[in-house]
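Please open the model in your viewer and keep the sequence beside it. The tour below suggests what to select at each stop and then describes what is found there.

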Amino acid sequence: MSKKRVLVVLLILAVFLSFGCADKGRTNLSVSNNETEINVSFPESGNGSWCPVGSQLQVKDPTTGKILSLTITGTEKFENKTLCKACVETGTEGNASRFEYMWSEDKNTTVWTKYDKDGSISVRFIDVDGKKTIIDGAGRTLEFGNSGNVSSNPV
């Protein structure tokens, strides 16, 4: 299974978790087929919380045995809102990529950030109340919103 496919599955599960689509009464949930194995775990203290710190989503590629894990690490302030934060790392020790996904309790703010191997921001996608902003590693921005207008800010 490709890394992109695994990452897409993880991100979909993260969205389900953030929207409360997983059964909050469970502490573990597993789904598997011939192509992949998905495990979701909630700590007992996180059940019913909009940001269940310590919860994990894991996707295992049965052909390679590699596991990709997304872990909810806590909350972080972003533009005067408290967002729940989840982290995922992919790749090998010498060539790892790190991603962060943050969302607000009301689901009106989400932030996706990809870091390069040196820990610098490679790209960030921000959605606040329908206004979307993409920022690349050089700080260039592309903004678009509900009106369909697109603006850019070259560095």
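What follows is a walk from the whole chain to single residues.

**The whole chain**

Begin with everything shown as a cartoon, and keep in mind that this is a predicted model. The secondary structure of the protein chain comes to one helix and eleven strands, and if you follow the sequence from its start, the helix is met before the strands, in the pattern α-β-β-β-β-β-β-β-β-β-β-β. Now switch on the surface: its accessible area is about 9,000 Å², and carbon and sulfur atoms contribute 50% of that. Of the 155 residues in the protein chain, 32% count as buried. Among the contacts with a separation of 6 or more, 23% are between residues 24 or more positions apart.

**Strand 7 and its two neighbours**

Select residues 109-115, which make up strand 7, and notice that this strand is mostly covered, with five of its seven residues buried. Add residues 95-104, which are strand 6, and you will see that strand 6 runs antiparallel to strand 7 and is joined to it by six bridges. Then add residues 121-128, which are strand 8, where the pairing with strand 7 is again in the antiparallel sense and extends over seven bridges.

To trace the pairing residue by residue, which partners should you pick out? Start from Tyr101, whose bridge partner in strand 7 is Trp112, and continue from Trp112 to strand 8, where the bridge partner is Phe125.

**The aromatic cluster**

Stay with Tyr101 and show side chains as sticks. The structure has two aromatic pairs. In one of them, the rings of Tyr101 and Trp103 have centres 4.8 Å apart and planes at 25 degrees, and because planes under 30 degrees apart count as stacked, this pair is stacked. Tyr101 and Trp112 form an aromatic pair that is stacked as well, with 4.0 Å from centre to centre and 20 degrees between the planes. This second pair links distant parts of the chain, since Tyr101 belongs to strand 6 and Trp112 to strand 7, eleven residues apart. Taken together, the ring pairs link Tyr101, Trp103 and Trp112 into a cluster.

Are the members of this cluster buried or exposed? Tyr101 and Trp103 are both buried, and the relative accessible area of Tyr101 is 3%. Trp112, by contrast, has 22% relative accessibility, and because buried means under 20%, Trp112 counts as partly exposed.

**A charge over a ring**

Next, select Arg98 together with Tyr115. The charged end of Arg98 sits over the ring of Tyr115, at 4.0 Å from the centre of that ring.

**The turns**

Move now to the ends of these strands. Strand 6 and strand 7 form a hairpin that has four residues between them, and Lys107, in the loop between these strands, is worth selecting, as its phi is positive at about 65 degrees although it is not a glycine. The relative accessible area of Lys107 is 27%, so this residue is partly exposed.

In the hairpin of strand 7 and strand 8, five residues lie between the strands, and there it is Gly119 that takes a positive phi, near 90 degrees.

Continue to Asp129, which is placed in the loop between strand 8 and strand 9 (131-136). Here too the residue is other than glycine and has a positive phi, near 50 degrees. At 49% relative accessibility, Asp129 counts as partly exposed.

**The disulfide**

For the last stop, select Cys51 and Cys84. A disulfide is a covalent bond between the sulfur atoms of two cysteines. The structure holds one disulfide, formed by Cys51 and Cys84, whose sulfur atoms are 2.0 Å apart. The torsion about their S-S bond is about 80 degrees, so the disulfide is right-handed.

Which parts of the chain does this pair tie together? Cys51 is found in the loop between strand 2 (37-41) and strand 3 (56-60), while Cys84 is in strand 5 (residues 81-92), and therefore the pair ties together parts that are 33 residues apart in sequence. If you turn the surface back on, you can check that Cys51 is buried, with a relative accessible area of 7%, and that Cys84 is buried too, with a value of 0%.

How values were computed:
Residues are numbered from 1 along each chain as its sequence is written. This is a predicted model: local features need pLDDT of at least 70, side-chain atom pairs count only at pLDDT 80 or more; totals for chains, interfaces and linings use all residues. Side-chain values use heavy atoms; hydrogens and water are left out. Buried means under 20% relative accessible area, exposed over 50%, partly exposed in between (1.4 Å probe, protein chains only). Two strands pair if DSSP finds at least two bridges between them. Contact means heavy atoms within 4.5 Å. Accessible areas come from the Shrake-Rupley method with a 1.4 Å probe; for residues, only the protein chains shown count as cover. Rings of Phe, Tyr and Trp (its six-membered ring) pair if their centres lie within 6.5 Å; planes under 30 degrees apart count as stacked, over 60 as edge-to-face and the rest as tilted. A charge sits over a ring if NZ of Lys or CZ of Arg is within 6 Å of the ring centre and within 35 degrees of the ring normal. A disulfide is a pair of cysteine sulfur atoms within 2.5 Å.
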